[in-house]
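Please open the structure in a viewer and display the backbone as a cartoon. The tour proceeds by selection, one element after another.

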Amino acid sequence: MAPTAAVRHLTVLYDADCPLCVHIRHWLLAQRLLLPIALVPAASWEARRRFPRLDHASTLREITVVGDSGQVWTGTDAFIVCLWALAEHRPRANWLATPAGRPFARAAMFTASAWRQAVRTEGPPEDAEGPACDDQCSVPR
């Protein structure tokens, strides 16, 4: 993969046992997208099938986004890439990626991570029986 490969599609691996992550998943699905985004539960059967080389245990600890050419972003970078894919938020993402904006992106990720740890359910990660809810699930109205 060339480091400058254009991104045409993103897959966001989210923690399906985290109420905040599920809420953000629904929010992302309701946004106007500049490129397609698939949302797949982290460490699920579907995630393992699509990305067999990823460390799936780590995808449960922090947001992970995978580009169609094999690019992988985690944590703050993944957050910024998600915003970059949204029509209304690309300018904000471009600013958050700068030295001036990056501390704000890190603070947002730190806050979300702390809240997530406080509310995450302790259910087992998706197992090999099959996907529970992938990018085909409907958005609640």
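The stops below follow the sheet of this predicted model, strand by strand.

Begin with the whole sheet. Four strands form an open sheet in the order 2-1-3-4, and the pairing is mixed. Strand 2 (37-41) and strand 4 are at the edges, each with a single partner strand, so one side of each has no neighbour in the sheet. From one strand to the next, the twist averages 20°.

Next, select strand 3, residues 64-67. Are its faces covered or not? Both are: Thr-64 and Val-66 on one side, and Val-65 and Gly-67 on the other, are all buried.

Add strand 1, residues 10-14. Strand 1 pairs with strand 3 in the antiparallel sense, over four bridges. Within this pairing, Leu-10 stands opposite Gly-67 of strand 3.

Now move to strand 4, residues 72-74. Strand 4 and strand 3 are also joined in the antiparallel sense, over three bridges. Val-72 of strand 4 is the bridge partner of Val-66, and Thr-74 is the bridge partner of Thr-64.

Then select the hairpin that links strand 3 and strand 4, with four residues between the strands. Gly-70 is the residue to inspect here, as it takes a positive phi near 95°.

Finally, select helix 4, residues 75-84. Which strands does helix 4 touch? Helix 4 packs on the sheet and touches strand 1, strand 3 and strand 4. The direction of helix 4 makes about 110° with that of strand 4.

Methods: Residues numbered from 1 in each chain as written. Predicted model: local features only at pLDDT ≥ 70, side-chain atom pairs only at ≥ 80, totals over all residues. Heavy atoms only, no water. Buried < 20%, exposed > 50% of the residue type's maximum accessible area, 1.4 Å probe, protein only. Helix = DSSP H or I, 4+ residues; strand = E, 2+ residues; numbered from the N terminus. Pairing = 2+ DSSP bridges. Axes fitted to C-alpha atoms, helices over the stretch in contact; angles between N-to-C directions. Contact = heavy atoms within 4.5 Å.
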